[in-house]
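Student: I have the two chains open in my viewer. Could you help me work out what some of the descriptive terms mean here?

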Amino acid sequence: MIRYVLRRVVYMLITLFVIISVTFFISKLLPGTPFADDKLTPQTRAQLFEKYGLDEPIYVQYAKYMINVAQGDLGNSFYFESRPVTQMILERAPVSAFVGIQAVIFGLVVGMVLGIVSALRHNSWWDTLAVVIAVLGVSVPTFVLGPILQYVFGVKLGLFPIAFFESWWHSVLPSLALSVFVISTVARFVRSEMLEVLGQDYITLAKAKGLTGLAVIIRHVMRNALIPLVTVLAPLTIYLITGSLVVEQIFAVPGIGEQFVQSIFVNDYAMILGTSVFFSVFFVIALLLQDISYGIIDPRIRIAGGSATVAASAGDSRGDGGDGDGGGGGQT
Amino acid sequence: MKTRKARLGMGETPGATRITRKDFLKIGGTGLAGAALLGTAGCGNIFGGEQGGNGGGGGGTKAVTVNLGDTIRDLDSTTTTDSVSSDVLLNVMSGLYRLDPSQQPVPDMAEGVEISSDKLTYTFTLKDGVTWSNGDPVTAQDFEYAWLRALDPETAGQYAYILSTFIEGATEFNAGDGSVEDVAINARDDKTLEVKLVSPSPFWLGLTAFYTYYPQKQSYVEEQGDQYAQNANSLIYNGPYLLTEFDPTQGVTMVKNDDYWDAANTDIQRVEGRIVKELETSVNLYESGELDETEIDGQYVAEFRDSPDFWSQTYFATFYMVPNLEAIPLFQNVNVRKALQMGFDREALVNQILQNGSEPASGYVPDGIDGPGDQTFREAVGPTMPEYNPEEARRLFEQGVEEEGGENPQVELLAYDDSTARDIATFLQSQLQDNLGMNINVNVQPFDRKLELEANGEFQLSWQGWIADYNDPMTFLDLWETESPFNTGGYSNPEYDDLINQAQEETDFARRMQLMMDAEEVLVADDAATAPMYFEGEAHLLRPTIKNFVDHQYGAGLDAKWWRLEG
């Protein structure tokens with residue numbers, strides 16, 4: 001197990017190195033400079049390039065940057081005069097993370113309830129309602145939904161603040177706007193997985209043994225139906241907590257998503273790289289945890305000799321694991 | 001709402017699967033616990049300081065909340081360039097002079113100034129008792145230090161040119177060639193600052209109100225080091241307001257500075273500057289009373305134009321079309337250039353496309369810039385642009401094409417990647433095609449790239465904008481000198497160059513003004529070197545209780561010192 005984890009960590013570092021390098025060179029390929037000003041004289045431009053080390057050959061800049069990153073220094077922003085990128089990210093990332101995690105939790109709870117209800121009341125008007133909500137949630141973009149929520153709950157009903165980020169109440173509408181996508185994704189998944197599981201023989205067996213409806217649902221149906229959800233939820237969570245440009249703009253939330261997009265528009269190299277490094281560390285660690293947890297859940301994955309089979313066997317193991325679990329349930 | 005939800009929940013309980021109430025609580029409880037955990041973890045640090053908003057009404061505090069519109073990039077006056085930072089600095093810092101509501105300089109930190117007879121040496125005397133917010137006196141050395149710091153090549157200040165263009169020895173020092181001793185900025189004692197200019201510049205006094213000319217206290221700047229101007233408490237203030245909260249992404253809180261020399265005439269006690277980038281959100285916030293001022297455009301201008309909350313003005317900026325005489329030989333024909341001038345409907349452009357308070361250009365130098373005596377330059381010169389006249393434009397264009405050999409070439413209009421710019425490009429394309437019979441295609445580039453193409457002369461027809469650096473026609477007119485780096489279209493007329501050179505040397509300011517008036521006539525009316533399109537404007541929603549609202553037409557904008565709050 002330890003060897004397995006160590007190997008994953010090494011892969012992770014290599015991945016990060018590649019991501020940072022590629023991002024570094026891509027960001028230098030962006031048209032323009034951080035100093036876009038129609039009144040800039042060539043002389044001042046040269047002074048600025050010197051001040052920020054942009055006059056050096058690109059491989060020197062690259063080497064310096066990599067050495068700094070290795071020491072944990074992401075450099076200073078070009079756009080926000082000399083403000084440390086690390087500090088700005090650490091100030092803004094928790095804001096996005098808070099709004100995102102809240103959206104995931106809310107979306108998960110509501111989505112599961114909707115999914116379960118529509119599966120149990122298959123083909124009833126509950127089911128139809130849940131499906132309609134799910135379709136709407138996936139297809140209405142946040143730049144439409146956000147202003148609607150803002151207008152209805154903020155302006156008309158006055159239940160929640162229209163914008164800004166000053167208290168928990170301010171985070172409700174942005175989280176709600178983000179959660180609609182989660183709700184619909186989760187609801188659709190739970191519904192279809194449950195419908196599938198409900199038709200399995202072991203469910204009939206469990207009922208035949210005389211277990212109560214609830215015990216069947218909780219111990220057998222839910223447990224098996226929710227496993228695939230974990231696979232969907234992990235990337236969804238990461239996506240949401242790294243911030244959304246649209247929602248952050250609409251609700252004037254000072255988050256990292258808006259910062260990242262902005263930095264690309266203004267050629268703020270240090271910020272582009274800093275946020276990319278931050279995001280990728282985040283992703284890579286999440287993947288590492290996922291891999292490790294697969295290893296724990298299903299020993300076949302790590303014993304299976306190589307590491308390249310991880311993804312494939314993880315996919316395969318779902319169905320098998322489900323059956324196994326169902327059998328276990330039957331024995332009690 | 002609540003009762004209905006509960007009923008729905010209850011209705012769910014019985015049925016085939018019978019989930020009990022207890023189970024529901026279990027499932028829900030997990031979510032709630034998680035939320036609570038996050039809540040307690042978060043509340044302490046991630047939510048922005050509970051800025052009072054419009055609060056304080058109980059104590060009768062006069063407070064307004066404005067929308068800064070974008071992030072605050074840099075509050076170091078020697079390096080900053082963006083309009084948001086300068087809006088903030090304008091209220092918490094004071095230069096030697098400050099612009100009054102009609103853009104004229106009035107003494108601020110200075111008691112007054114003595115100007116030598118050759119109009120080159122300015123001797124400022126500071127007021128008695130003016131202080132920084134840490135209690136230290138504001139001295140002439142503070143100005144000398146800040147100005148030299150801005151000029152220092154190490155600082156790489158983008159606006160260093162606004163000092164170096166005018167002050168003797170400054171260009172050399174800024175270029176790294178000269179020495180700091182040769183820069184003609186001298187604090188003769190704590191209260192006296194002497195500055196020598198390179199040429200007579202009647203408008204320069206107004207520039208001492210510009211942010212690059214603010215003072216900085218050397219001992220404080222050095223003590224703060226890298227932290228200088230990064231937080232509200234790593235900066236000291238000498239203006240009408242003090243910065244009490246500053247977050248580059250969330251905004252600022254400014255409270256009245258009771259130690260400011262003119263505090264008795266500062267009416268508003270608290271100014272909140274918030275940052276809302278989304279237009280719809282800002283209008284919603286305005287209507288709900290959370291913002292007292294915000295900039296609008298497009299549909300909202302049409303919607304609010306007749307409301308008492310509507311406020312608009314043009315500022316010192318002109319947008320103008322530039323034909324590249326070197327790229328398209330046809331543009332060397334003056335009739336063709338005149339056809340360009342009268343071939344598009346400026347009224348339609350500002351009223352249907354821009355909708356942001358802009359006005360049709362009647363000439364090149366924008367409305368409001370100082371002219372002779374009490375007149376503005378535009379009032380004195382009158383319109384130099386011909387009226388929109390599609391028939392005459394087509395006649396002139398066809399005549400010009402004939403004179404140049406009968407070929408009507410394909411012309412590429414350079415535009416940039418911005419929704420308004422795209423609309424303008426489409427508008428110009430259809431106007432020039434329909435009215436003149438020109439063959440126009442549009443080339444859209446990122447803004448940066450557009451500037452680069454223009455600087456290299458790699459364009460055929462483009463439009464450009466210029467914002468005044470100072471309150472004088474020269475800030476626009478010298479762009480068209482043959483040698484100017486901003487003369488991108490290759491226009492060259494010795495008569496024009498001569499008028500500009502004479503004006504730059506002239507010590508008789510009335511005569512100087514006359515030379516510039518003649519120059520604009522040559523540039524726009526005679527040579528049609530450019531086709532001015534519009535004077536850029538701004539439209540705001542503004543709470544009608546705010547009187548005497550001042551948003552300066554050049555330099556920094558929002559100047560709360562002059563505002564009055566009624567009711």
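Student: How do you know how many of the contacts in chain B join residues at least 24 apart in sequence?
Tutor: Happy to help, and remember that this is a predicted model. Contacts in chain B between residues at least 6 apart in sequence were taken, and 67% of them join residues at least 24 apart. A pair counts as a contact if the two C-beta atoms lie within 7 Å.

Student: What share of chain B counts as buried?
Tutor: Of its 567 residues, 46% do. Each of those has 20 or more other C-beta atoms within 10 Å of its own, so the word buried applies. The chain also has 19 helices and 19 strands.

Student: Which residues have the most contacts inside the largest nonpolar core?
Tutor: They are Val190(A), Leu89(B), Val92(B), Leu477(B) and Ala519(B), in a core of 226 residues. Helix H4 of chain A, residues 85-120, supplies the largest share, 21 residues.

Student: What does Leu477(B) touch?
Tutor: Leaving out residues up to four places away in sequence, Leu477(B) touches Val365(B), Ile500(B), Met516(B), Ala519(B) and Glu520(B). The C-beta atoms of each such pair lie within 7 Å, so these count as contacts.

Student: How many residues does each chain give to the contact between them?
Tutor: Chain A gives 49 residues and chain B gives 53. On the side of chain A that touches chain B, H4(A) gives the most, with 10 residues. By class, that side has 28 nonpolar, 14 polar and seven charged residues.

Note on methods
Residues are numbered from 1 along each chain as its sequence is written. Chains are lettered from A and ligands numbered from 1 in the order in which they are written. This is a predicted model: local features need pLDDT of at least 70, side-chain atom pairs count only at pLDDT 80 or more; totals for chains, interfaces and linings use all residues. A nonpolar core is a set of buried Ala, Val, Leu, Ile, Met, Phe, Trp, Tyr and Cys residues joined through C-beta atoms within 7 Å. A residue is buried if 20 or more other C-beta atoms lie within 10 Å of its own, exposed if 12 or fewer, and partly exposed in between; C-beta atoms are placed from the backbone. Helices (H or I, at least four residues) and strands (E, at least two) are DSSP runs, numbered from the N terminus. Ala, Val, Leu, Ile, Met, Phe, Trp, Tyr, Cys and Pro count as nonpolar, Asp, Glu, Lys and Arg as charged, and the others, Gly among them, as polar.
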